[in-house]
Amino acid sequence: MNITPHENDFGAAIEGVDLSQALSAEEIQQIRRAWLQHRVVYFPDQQMTHEQLEMFSQAMGPFGDDPYVQAIDGHAHIVEVRREPEEDVPLFGGTWHSDWSFQQTPPNATILHAKIIPPVGGDTHYCDGVRAFASLDTATQQRLQDLSAIHSARKPYSPEGVKAGGGDRRSMTLLPSDAAHNTQRHPMVRTHPETGERALWVNPLYTIGVDGLSEAEGEALLSELFEHMKNPEFIYCHRWRPNMLGMWDNRCVMHSAQGGYAGHRRVLHRLTVAGSAPY
Ligand code: SIN
């Protein structure tokens with residue numbers, strides 16, 4: 001297996017392994033180690049059926065719970081992320097987020113397998129929350145360590161949320177629900193359960209406030225942090241190719257899907273790997 005880390009170590013390409021076959025314990029360990037170290041890993045040229053994709057995902061851990069999006073028929077854990085050439089509704093995953101951070105136990109990993117990739121645009125951008133936290137001054141780090149944020153799916157997935165619109169013009173079936181109004185409290189600085197690293201763990205899509213602060217104070221602090229997290233030093237812009245499989249660590253990375261491919265189709269298959277309660 002050849003692992004080629006990016007120059008700054010955030011992100012790595014992994015080649016020389018066939019993910020459509022059952023992996024040995026040693027291969028799984030190597031992949032997990034690279035994923036923990038580089039946070040975003042991708043495997044070019046992986047032809048995989050739905051069953052093989054499920055087998056790879058399960059080698060990384062049990063399936064996560066994916067609400068508000070309809071899965072593929074007969075494959076309850078695979079969601080097709082699809083956008084048609086003429087589609088004009090908001091992008092799925094277009095706002096920076098960490099997957100399902102509103103859950104009590106958000107997923108450890110997300111896996112995307114690229115099927116149809118437009119000739120331009122459609123990249124995914126990743127933000128390294130460990131670097132974003134490490135670069136804050138000590139006083140801010142200490143202040144954030146003591147704070148918890150409130151997460152909710154309400155902005156995109158409540159019946160009146162931004163993703164609830166679109167109707168027939170949206171090719172993915174989203175399942176908005178009143179349950180999206182529920183809230184979940186999580187530490188703003190998350191300690192990675194496997195590496196011990198601390199990451200800034202808030203995101204513009206699902207983090208709606210700061211526990212113990214007024215709405216205005218919470219919004220001001222969050223906007224400042226979201227601005228900080230957009231610093232190009234923490235960002236990796238990933239270009240997809242058909243049959244490339246990507247996997248990232250939701251415990252320390254947030255991501256956003258990019259547009260820029262009007263007139264072209266984009267299709268990827270997505271699974272999540274179950275996680276644990278942030279601390
Ligand atoms: C997602 O947010 O899970 C999808 C990302 C993408 O489509 O690039």
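**Exercise 1.** How far is an oxygen atom of the ligand from an N or O atom in the side chain of Arg266?

*Solution.* The model examined here is predicted. In it, the distance between an oxygen atom of the ligand and an N or O atom in the side chain of Arg266 is 2.8 Å. A polar contact requires N or O atoms within 3.5 Å; therefore the pair at 2.8 Å qualifies. The side chain of His97 likewise places an N or O atom 3.0 Å from an oxygen atom of the ligand. For His255, a polar side-chain atom lies 3.0 Å from a ligand oxygen atom. Of the 260 Å² that the ligand exposes when taken alone, the protein buries 99%.

**Exercise 2.** Identify where the ligand sits and describe the shell around the ligand.

*Solution.* The ligand occupies the largest cavity. Two or more residues of the shell come from each of strand 14 (253–257) and strand 15 (266–273). Among the residues around the ligand are Val81, Asp99, Leu112, Ala257 and Arg270. Sorted by class, the shell comprises three nonpolar, four polar and three charged residues.

**Exercise 3.** Determine how many aromatic pairs a search of the whole structure finds, and characterise the pair of Trp100 and Tyr157.

*Solution.* The search yields ten aromatic pairs. One aromatic pair is formed by Trp100 and Tyr157, with 6.1 Å centre to centre and 65° between the planes. Planes over 60 degrees apart count as edge-to-face, so this pair is edge-to-face. Trp100 belongs to the loop between strand 4 (79–83) and strand 5 (109–116), whereas Tyr157 belongs to helix 5 (residues 154–157). The two residues are 57 residues apart, and their pair links distant parts of the chain.

Key: Residues are numbered from 1 along each chain as its sequence is written. This is a predicted model: local features need pLDDT of at least 70, side-chain atom pairs count only at pLDDT 80 or more; totals for chains, interfaces and linings use all residues. Side-chain values use heavy atoms; hydrogens and water are left out. A residue is near a molecule or strand if one of its heavy atoms lies within 4 Å of it. A polar contact is a pair of N or O atoms within 3.5 Å; within protein, one must be able to donate a hydrogen and the other to accept it, and residues adjacent in sequence count only if both atoms are side-chain atoms. Accessible areas come from the Shrake-Rupley method with a 1.4 Å probe; for residues, only the protein chains shown count as cover. On a 1 Å grid over the protein atoms alone, a cavity is a set of points where a 1.4 Å probe fits but cannot get out, and a pocket is an open set with protein on both sides within 12 Å along at least five of seven lines; lining residues have an atom within 4 Å of a point. A molecule sits in a cavity or pocket if more than half of its atoms lie within 2 Å of its grid points. Helices (H or I, at least four residues) and strands (E, at least two) are DSSP runs, numbered from the N terminus. Ala, Val, Leu, Ile, Met, Phe, Trp, Tyr, Cys and Pro count as nonpolar, Asp, Glu, Lys and Arg as charged, and the others, Gly among them, as polar. Rings of Phe, Tyr and Trp (its six-membered ring) pair if their centres lie within 6.5 Å; planes under 30 degrees apart count as stacked, over 60 as edge-to-face and the rest as tilted.
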